[in-house]
Amino acid sequence: MADVDTTGAGPRADLAPPAAHTDPNHARRWLILAVIGLAQLMIVLDVTIVNIALPDAQKALGFSNGDRQWIVTAYSLAFGSLLLLFGRVSDVIGRRMMFLIGLVGFAAASALGGAAPNFEVLVLARALQGVAGAMLAPAALSLLSTTFTEAKERATAFAVFGGIAGSGAAIGMLLGGVLTEFLNWRWTLFVNVGISVIAIAGAAVLIPRHARDGARPSLDIPGTLLVSAGLFGIVYGFANAESHPWSAPGTWGFLAAGVILLAGFTWWQTRTKHPLLPLRVILERNRGGSYLAMFLTGIGMFGVFLFLNYYLQEILRYSPVMTGVAFLPMVAALMITATISTTQLYPRMGAKILVFVGMLVAGGGMVWLTGIGLHSSYAANILGPTVLVGIGMGAIFAPAMNAATSGVEAHDAGVASAMVNTAQQIGGSIGTALLNSLAASALTGYLVGKNAASPVVQANAAIHSYVVAFWWAAAIFGVGAVICGLILKAGKPDPADPDAAPAIHA
């Protein structure tokens, strides 16, 4: 009952208590964002932080060049094939619980890898990191989506998260270079233990438990087996293409099996009562287009990180630390663009124009990079195109993540978030194998009829292979601009549209 003015003037509005925010996350939402961002940074940078340390690890543990790829592939294989499963499990057991389990698992796996006495234990640790990452990634994004429900704050939060997702690989190379050069390769793994401990403490204190207000989702066991095996086949097949020809059964056989299993998974999702990935999640145009944007950008961006890394170290003779530093302007451009895109532009125009323009700009940066040569300089030939690529990816990542997780029912938030990471991770795995294969073919073709023993010829052949990869990455961005531009809805997000409304936390 309202307080009453005894003079008879009616209710005393000045005595009414101020309205309290009903969201229990509201008062500490920015601290929660810091914890989520820390976990996301650890997940993304771990894709590349070990890459620069590989030569030192190889010398220490004595594994072959052919085995070297499995240090990277073991992580992406486990990560990519289990994301959807753990996205749905997080909806079953709770996103907070899954987030904490993932952090503990990542810390334990990183400690095992840092102390690995041989190659086999290191590969096992990397695979376990991938499993823990698959637990963390969808839980982190769905926690972000359910913590920030007010449009302006949500845009800011997704700008930060998208910037981390897009720049984590470059940060990983810088951090990996510093740790390898000044400590040793094992610290590229041990560093995750410290990050995890901070994130665990923050999550336990800051992220509240939510009472479930509906029926507990059921797990789709047949769907889980089909999609996990299908994604495993796709990732393994493309990873195998790095060291085997495309005609090898270990390459096309796994790829074909993966496609068939994923087709079976799609069919099963229309028949089962409790689908692992309800098709309504991906068939909404903005979400489906956003997943595709993340997938294609994941393919294209590896043209920068992978081959430019080789070029800077092998041709221009940069140290690991200087190679990481060289990527910092791109990271800065990505973060600034992601912030502006989601806080200022996305609320006014939606994801369609931003993703379209972002892909064209990133593709333009890749075309510019094709001008590298034997005696190129950083200021004239590297700085400009990498900043352009950073601007393009910043315009893609954060708006696409925002659109992909908007309007999702609470019981689908985990799997919708998992799809964002699945699309990016599978795209990155495919991009690594595809562009590597194309570059290797270009290298072999360039050497035909030339003096392959000449260091200058070898260097020019390597540069030619990088340029071919850059052209293909530019083409992928160009095709992505057209396809995503056609799928995504035009116009700014409509708060009255249920498909555009922010997800509501459970």
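**Exercise 1. Work out how α4 passes α7: what is the handedness of the crossing, and at roughly what angle do the axes cross?**

Solution. Start with the handedness: α4 goes past α7 in a left-handed crossing. Keep in mind that this is a predicted model. Next, look for the two helices, α4 at residues 95–114 and α7 at residues 187–206. Their axes come within 8 Å and cross at roughly 160°. Angles over 145 degrees count as roughly antiparallel, so α4 is roughly antiparallel to α7.

Now see who does the touching. On the α4 side, the contact includes Phe99, Leu103, Phe106 and Ala107. On the α7 side, Phe190, Val193, Ile200 and Ala203 are among the residues involved.

**Exercise 2. Take Arg96: is this residue buried or exposed, and which residues is Arg96 in contact with once neighbours within four places in sequence are left aside?**

Solution. First, place the residue: Arg96 sits in helix α4, and Arg96 is also part of the α4 contact with α7. Then check the relative accessible area, which is 14% for Arg96. Buried means under 20%, so Arg96 is buried. Finally, list the partners, leaving aside those neighbours within four places: Leu143, Ala203, Ala204, Ile207, Pro208 and Arg209. Ala203 and Ala204 also turn up on the α7 side of the helix contact.

**Exercise 3. Find Gly37: which helix holds Gly37, and how far apart in space are Gly37 and Ala140?**

Solution. Go to helix α1, residues 29–45, and you'll find Gly37 there. With 7% relative accessibility, Gly37 counts as buried. Then jump to Ala140: the two residues are 103 apart in sequence, yet their C-alpha atoms are 8.1 Å apart.

**Exercise 4. Step back to the whole protein: how many helices and strands are there, and what share of the residues counts as buried?**

Solution. Count the elements and you get 17 helices and 2 strands. Of the 506 residues, 55% count as buried. As for the outside, the protein exposes about 20100 Å², with carbon and sulfur atoms supplying 69% of that. Now for the contacts between residues at least 6 apart in sequence: 82% of them join residues at least 24 apart.

**Exercise 5. Check the confidence: which element has the lowest mean pLDDT, and which the highest?**

Solution. Begin with the average pLDDT, which is 78, with 84% of the residues scoring at least 70. Among the elements, strand β1 (residues 4–5) has the lowest mean, 41, while helix α14 (residues 351–369) has the highest, 91. Then look at residues 1–22, where the pLDDT is below 50 and the stretch has 9 contacts beyond near neighbours in sequence. Residues 495–506 are below 50 too, with 35 such contacts in the model.

Definitions and conventions: Residues are numbered from 1 along each chain as its sequence is written. This is a predicted model: local features need pLDDT of at least 70, side-chain atom pairs count only at pLDDT 80 or more; totals for chains, interfaces and linings use all residues. Side-chain values use heavy atoms; hydrogens and water are left out. Helices (H or I, at least four residues) and strands (E, at least two) are DSSP runs, numbered from the N terminus. Buried means under 20% relative accessible area, exposed over 50%, partly exposed in between (1.4 Å probe, protein chains only). Contact means heavy atoms within 4.5 Å. Accessible areas come from the Shrake-Rupley method with a 1.4 Å probe; for residues, only the protein chains shown count as cover. pLDDT is the predictor's confidence in each residue, from 0 to 100. Axes are lines fitted to C-alpha atoms, for helices over the stretch in contact, and angles run from 0 to 180 degrees between N-to-C directions. Angles under 35 degrees count as roughly parallel, over 145 as roughly antiparallel, 65 to 115 as roughly perpendicular and the rest as oblique. A crossing is left-handed if the near helix is turned anticlockwise from the far one by less than a right angle, and right-handed if clockwise.
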